Amino acid sequence: MSKQFALLKERRFFPFFLTQFLGAFNDNVFKNALVIMIAFKVAENQVDILTNLAFGLFILPFFLFSAFAGQVADKYEKSMLIQRVKVFEIMVMLIACVGFYLNSVGLLIFVLFLMGSQSSLFGPVKYGYLPEKLSTDELIGGNAMVEASTFISILLGTILGGVLIALDSVFPVSFAVVMFAFLGFLAAKQIPNSPPADGSIKLDWHIWRATKNNLKFLPGNRVVFLSILGISWFWFFGSVFLAQMPNYARTVLQGNEHVVTVLLAMFSIGIGAGSLLCEKLSGRRVEIGLVPVGAMGLALFSFDLYCASVSWVNQGALNFQSFLQATGAWRVCLDLAMIGVFGGLYIVPLYALIQERSEKGHVSRVIAGNNIINALFMVVAALLGMVVLGALGMSIPQLFLITTALHVIVSLYIFTVVPEFLMRLVAWFLVSMVYRVKYKGLDNIPAEGPVVVVCNHVTFIDPLILGGRIRRPVRFVMYYKIFQQGLMKPLFKAAKTIPIASPKESIEIMESAFASVKAALDDNDVVGIFPEGALTADGHMAAFKKGIERIVAETPVTVVPMALNNLWGSYFSRYDKRVIDRRPRKLWAKVELIVGQPIPPEEVTAERLFEAVSELKAQAEIANPLSPKTDSKA
């Protein structure tokens with residue numbers, strides 16, 4: 001069984017999973033019932049006004065209460081908070097029953113505001129709970145399960161809400177929303193305790209000041225902040241498409257309400273599949289290299305949806321069956337499903353990255369800030385739709401094209417200012433598509449604080465392989481002549497690679513390198529070194545140079561030895577002396593990365609590290625017919 005599905009057997013995850021699923025499901029049962037009531041029981045000239053009012057009142061609490069909710073989620077025990085939020089949901093749904101009984105759209109819109117308030121309180125607790133209960137290699141799978149179930153619950157809740165409100169009596173929908181709220185409370189009662197992240201927080205009850213302060217500290221961690229912008233952009237992008245689905249189905253495809261359900265189903269199933277696929281593709285780790293893949297897929301299939309829409313031929317009024325038989329229908333369905341799949345690949349790693357990279361005592365407040373910015377982006381998306389479709393009189397396909405163009409611009413901006421995303425993409429592609437990298441002992445690398453990792457040097461792409469598996473960003477020390485290669489230099493600089501030279505070549509470059517290493521360790525970074533100083537020319541390890549001893553003498557830090565196996569003989573090694581003689585050997589070969597036990601600074605010597613790496617190489621489980629009998633000259 002996949003590890004992410006195995007979490008459903010764990011008490012630390014399943015009650016929480018069930019609670020959030022039932023909450024999202026119940027939200028959408030109520031929301032769709034209300035939308036249909038507005039559509040069929042309100043004067044036509046008031047439908048658009050009330051629909052937009054309902055959307056605005058649902059979003060408003062995320063501006064008002066998210067900052068305060070983030071403080072509360074970091075200050076108090078989370079299972080207790082979740083239970084209280086579910087009690088609040090039950091009370092809100094009882095008010096909804098009164099609204100349904102009185103047929104009062106106004107009261108039900110007020111209930112929608114209360115639901116938005118409940119959701120704004122639950123969000124920071126939800127995403128703050130996951131990193132406390134899940135290990136690093138479970139975080140991507142846990143987030144994938146949450147995101148997949150959220151969109152599936154949206155689909156199922158939307159369908160059930162429409163079915164129930166269409167019945168002659170309001171009792172079924174009233175009973176359903178209260179029952180699901182109560183079941184959510186029972187599930188929440190089983191969530192294990194989660195200690196407060198920072199019990200010393202003093203709550204700021206001033207809404208605007210708390211919101212301002214919450215947003216102010218977000219840019220402190222640049223990667224986390226830009227990840228939040230990336231998530232917010234996804235909600236902008238997704239809300240543009242989802243908000244237009246009813247009118248798109250009616251005016252472009254000439255379909256009825258059942259066609260709308262088909263389109264929403266394709267998108268939701270795609271999101272679920274893409275989210276669950278993340279764990280498989282990422283090797284159960286937070287792999288942000290998937291984010292550019294997701295961004296490219298979103299651009300490609302949203303553009304194709306535009307093309308399919310403008311080429312759609314009017315085939316008359318379509319119901320469920322006739323739509324599926326219509327020319328071009330499956331292309332539209334595939335586009336929406338793949339937008340969902342790549343959306344899952346895009347958003348799940350970003351949520352996991354925020355949880356992993358945020359300070360432990362600030363996770364819920366970071367999520368609160370994320371929710372505020374998400375809400376702002378969704379409001380702007382609604383305004384864009386109103387301007388493009390209303391003021392400018394453009395078509396829905398043209399709105400899709402404009403959104404796609406904006407998506408390309410935003411993505412290029414994010415990946416330019418944070419090149420780590422693209423670099424991780426290259427590393428992920430290499431270790432996932434070119435080689436099959438097995439690894440042992442990654443947990444030996446400390447999750448926090450300064451550390452030096454050392455490894456044998458077999459191929460030109462060793463840094464990519466190591467960077468693609470080590471969970472923290474690594475600043476590698478690189479020979480200056482390679483660093484200065486024209487086209488690659490901007491990439492190396494973006495990766496904060498440290499160029500070094502021998503004292504005979506340039507004493508200035510060498511001293512600058514040691515100063516940069518010291519500064520990186522002072523900043524609690526991971527520094528990667530290949531102590532041999534050059535690629536192996538014959539598959540054997542060369543003696544380690546003494547530079548590592550100077551580094552540890554200047555900055556006493558832990559050193560972690562590592563060994564790469566089964567790369568000698570590959571295209572990127574020096575097995576063939578001339579490049580023209582090289583051929584792509586060992587594609588999809590099983591490469592082994594073994595990480596040894598950390599060595600304290602007082603025990604670090606070049607000889608000790610050489611022995612440690614040699615011992616790790618001797619543990620290789622993979623036979624390499626091209627390797628010499630021993631990898632050591634010692």
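The expected span of a helix is taken here as 1.5 Å times one less than its number of residues, a rule that is applied below to two helices of this predicted model.

**Figure 1. Overview of the predicted model and its elements.** The secondary structure of this predicted protein comes to 22 helices and seven strands. Of its 634 residues, 55% are buried. Among the contacts with a separation of 6 or more, 82% join residues that stand 24 or more positions apart.

**Figure 2. Close-up of helix α22, residues 606-618, and its surroundings.** Because the 13 residues of α22 should span 18 Å at 1.5 Å a residue, the 18 Å found between the C-alpha atoms at its two ends agrees with expectation. The residues of α22 that are buried are A606, L609, F610, A612, V613, S614, L616 and K617. The cover over these buried residues includes the strands β2 (451-455), β6 (558-565) and β7 (590-595), together with helix α21 (547-554).

**Figure 3. Close-up of the crossing between helices α20 and α21.** The axes of α20, which holds residues 507-522, and of α21 come within 10 Å of each other and cross at roughly 45 degrees. Because of this angle, α20 is oblique to α21, and the crossing in which α20 passes α21 is right-handed. On the side of α20 the contact is made by M510, E511, F514, V517, K518 and L521, and on the side of α21 by G547, R550, I551 and E554. By class, the residues of this contact divide into five nonpolar, four charged and one polar.

**Figure 4. Close-up of the packing between helices α9 and α15.** Helix α9 (residues 222-252) and helix α15 (residues 396-417) have axes 10 Å apart and pack at an angle of about 170 degrees. The angle is over 145 degrees, which means that α9 is roughly antiparallel to α15. The contact of these two helices has 18 nonpolar residues, seven polar residues and one charged residue.

**Figure 5. Close-up of L399 in helix α15.** L399 has its place in α15, and with a relative accessible area of 0% this residue is buried. Leaving out residues up to four places away in sequence, L399 touches V240, Q244, L384, G385, V388 and L389. A further pair that may be marked in this view is L399 and V387, which are twelve residues apart in sequence and 9.8 Å apart in space from C-alpha to C-alpha.

**Figure 6. Close-up of helix α7, residues 171-188.** Helix α7 has 18 residues, and from its first C-alpha to its last it reaches 26 Å, close to the 26 Å expected at 1.5 Å a residue. The buried residues of α7 include V173, S174, A176, V177, V178 and F180, and A181, G184, F185, A187 and A188 are buried in this helix as well.

**Figure 7. Close-up of I59 in helix α3 and of S119 in helix α5.** I59 has its place in α3, residues 44-75, and counts as buried because its relative accessibility is 3%. Apart from its neighbours within four places in sequence, I59 is in contact with A375, M378 and V379. The C-alpha atoms of I59 and F113 are 7.9 Å apart in space, although the two residues are 54 residues apart in sequence. S119 has its place in α5, residues 105-133, and its relative accessibility of 16% is why S119 counts as buried. Not counting residues up to four places away in sequence, S119 touches D27, F58 and F62.

**Figure 8. Close-up of two loop residues, Q254 and N524, with positive phi.** Most residues other than glycine have a negative phi. Q254, a residue other than glycine, nevertheless has a positive phi near 60 degrees, and N524, which is not a glycine, has a positive phi of about 65 degrees. Q254 lies in the loop between α9 and α10 (257-282), whereas N524 is found in the loop between α20 and β5 (526-529). With a relative accessibility of 19%, Q254 counts as buried, for the cut-off for that class is under 20%. N524, with a relative accessible area of 42%, is partly exposed.

How values were computed. Residues are numbered from 1 along each chain as its sequence is written. This is a predicted model: local features need pLDDT of at least 70, side-chain atom pairs count only at pLDDT 80 or more; totals for chains, interfaces and linings use all residues. Side-chain values use heavy atoms; hydrogens and water are left out. Helices (H or I, at least four residues) and strands (E, at least two) are DSSP runs, numbered from the N terminus. Buried means under 20% relative accessible area, exposed over 50%, partly exposed in between (1.4 Å probe, protein chains only). Contact means heavy atoms within 4.5 Å. Axes are lines fitted to C-alpha atoms, for helices over the stretch in contact, and angles run from 0 to 180 degrees between N-to-C directions. Angles under 35 degrees count as roughly parallel, over 145 as roughly antiparallel, 65 to 115 as roughly perpendicular and the rest as oblique. A crossing is left-handed if the near helix is turned anticlockwise from the far one by less than a right angle, and right-handed if clockwise. Ala, Val, Leu, Ile, Met, Phe, Trp, Tyr, Cys and Pro count as nonpolar, Asp, Glu, Lys and Arg as charged, and the others, Gly among them, as polar.
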